[in-house]
Protein chains: 2
Amino acid sequence: MTQDTASRPLRADAQRNIDALLEAAKTVFRTSGVDAPAKEIADLAGVGVGTLYRHFPKRSDLVTAVFQHEVDACAAAAPALADENEPGVALEKWLHRYTEFLATKRGLASALHSGDPAFDALPCYFMERLGPALDSLLEAAVEAREIRALVSPQDLLYAVSKLSLPLGDEEAGHGRRMVDLLVDGLRHGAGPSR
Amino acid sequence: MTQDTASRPLRADAQRNIDALLEAAKTVFRTSGVDAPAKEIADLAGVGVGTLYRHFPKRSDLVTAVFQHEVDACAAAAPALADENEPGVALEKWLHRYTEFLATKRGLASALHSGDPAFDALPCYFMERLGPALDSLLEAAVEAREIRALVSPQDLLYAVSKLSLPLGDEEAGHGRRMVDLLVDGLRHGAGPSR
DNA sequence: AACTAAGCGGAACGCTCTTCCAGAACTATA
DNA sequence: TATAGTTCTGGAAGAGCGTTCCGCTTAGTT
């Protein structure tokens, strides 16, 4: 899933280590934030710190890779959910999947706004991957007349983002409730597509 | 303006150092972010690092103090602007003053969302100080029939916050333009108060 | 002037980041 | 399968930063 773009195909053990590092980094970022010690990540992955720095010379490289990895996983969940559920339910489940994804990104949001140009491309990647994924779910739901057709995937993604990464102080679960409300709102106007 | 709540009145040189540290930290936070080296702040303030840690044992103590200091300054600007300008202009100028304040807070926003409970009280402090300040400007402008009366200070503060601390990638100045638009929107419906 | 205690500075310690290279591990070839 | 050639690995080493600690300084008091 990683590093198969060009050049020669990377040695097998190296690929294994990269995967282990991504998995470890995902876990550590969630528990200790994006500024967690490099050694913690290397230890969890079962490799030396040198190996970490060989594959991800800058911290932002690792952060970016983990982020893209998770965005990909989130996007990939859409077709699976569409197969297994009614369109409206699939949409709802995917949005919750998306909220869970966002919930693990508190620390990452800080990095995104840190001004480091290394992160500039992430929001684009985000939209490019998730936009179409959500769009297919929306279209199916509109087709099935379970929701109305008046929302763009971009708007919905941003709306859910802002609901899930709140400014200020508020109790847990607030984001999830607001997302439910949003989906119900979409359902309300459902009917024959014009 | 600082540390005069209780106990004995703090030695004069200590108070001077505290002020110098706050001033230095404000500058350094702006240029190097909230994670800047402690020594950089201490040097700029002309004191040893020990002095910094004596007054602000944890980094969050310093961050919190600087933040409150700046919130106070921003709130204090409201009456002055109200004296020197027409109500509508005072409102507009203050909102721009507020945007400038927010613009220096990129790094701080990260800290706020970092999950450190030390920062939990900041958003409340923020609203408590700025809410009334903005409210007085709004009331004066409504009274003078320069804007309509349909907005709460909380909504306006949050709206401007979100416009000024954008998610995603966008060119500079976007926040400022959107704030202008918002103020024009307020003006549009102006007329006899009901 | 002398005393007291608050306050100061910066050396020292420990932790983390990052680099580097000798040697291990893998792959291709014969 | 044996060998050569390359990639990749691990962790020691060097540098830098955060934080603590304590002997000395200095403001305030009598």
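Of the atoms of DNA strand C that lie within 4 Å of the protein, 69% are sugar or phosphate atoms, and the remainder are base atoms. Please keep in mind that this is a predicted model.

Let me stay with strand C. It is surrounded by 24 residues, and the nearest include Ala38(A), Arg11(B) and Asn17(B). Which atoms of Ala38(A) approach the phosphate? A backbone N or O atom of Ala38(A) sits 2.7 Å from a phosphate oxygen of DNA strand C. With Tyr53(A), a side-chain N or O atom is 2.8 Å from a phosphate oxygen of this strand. For Asn17(B), the corresponding side-chain distance to a phosphate oxygen of DNA strand C is 2.3 Å. The elements giving two or more residues to this surface are H1, H2 (38–45) and H3 of chain A, together with H1 and H3 (49–55) of chain B. H3(B) gives the most, with 5 residues. By type, the surface near DNA strand C divides into 9 nonpolar, 7 polar and 8 charged residues.

I turn now to DNA strand D. Here 19 residues surround the strand, and Arg11(A), Asn17(A) and Gly50(A) are among the closest. Sugar or phosphate accounts for 67% of the atoms of DNA strand D within 4 Å of the protein. A backbone N or O atom of Ala38(B) is 2.8 Å from a phosphate oxygen of DNA strand D, and a side-chain N or O atom of Tyr53(B) is 2.7 Å from a phosphate oxygen of that strand. Which element gives the most to the surface near DNA strand D? That element is H3(A), with 5 residues. The residues of this surface divide into 9 nonpolar, 5 polar and 5 charged.

Conventions: Residues are numbered from 1 along each chain as its sequence is written. Chains are lettered from A and ligands numbered from 1 in the order in which they are written. This is a predicted model: local features need pLDDT of at least 70, side-chain atom pairs count only at pLDDT 80 or more; totals for chains, interfaces and linings use all residues. Side-chain values use heavy atoms; hydrogens and water are left out. A residue is near a molecule or strand if one of its heavy atoms lies within 4 Å of it. A polar contact is a pair of N or O atoms within 3.5 Å; within protein, one must be able to donate a hydrogen and the other to accept it, and residues adjacent in sequence count only if both atoms are side-chain atoms. Helices (H or I, at least four residues) and strands (E, at least two) are DSSP runs, numbered from the N terminus. Ala, Val, Leu, Ile, Met, Phe, Trp, Tyr, Cys and Pro count as nonpolar, Asp, Glu, Lys and Arg as charged, and the others, Gly among them, as polar.
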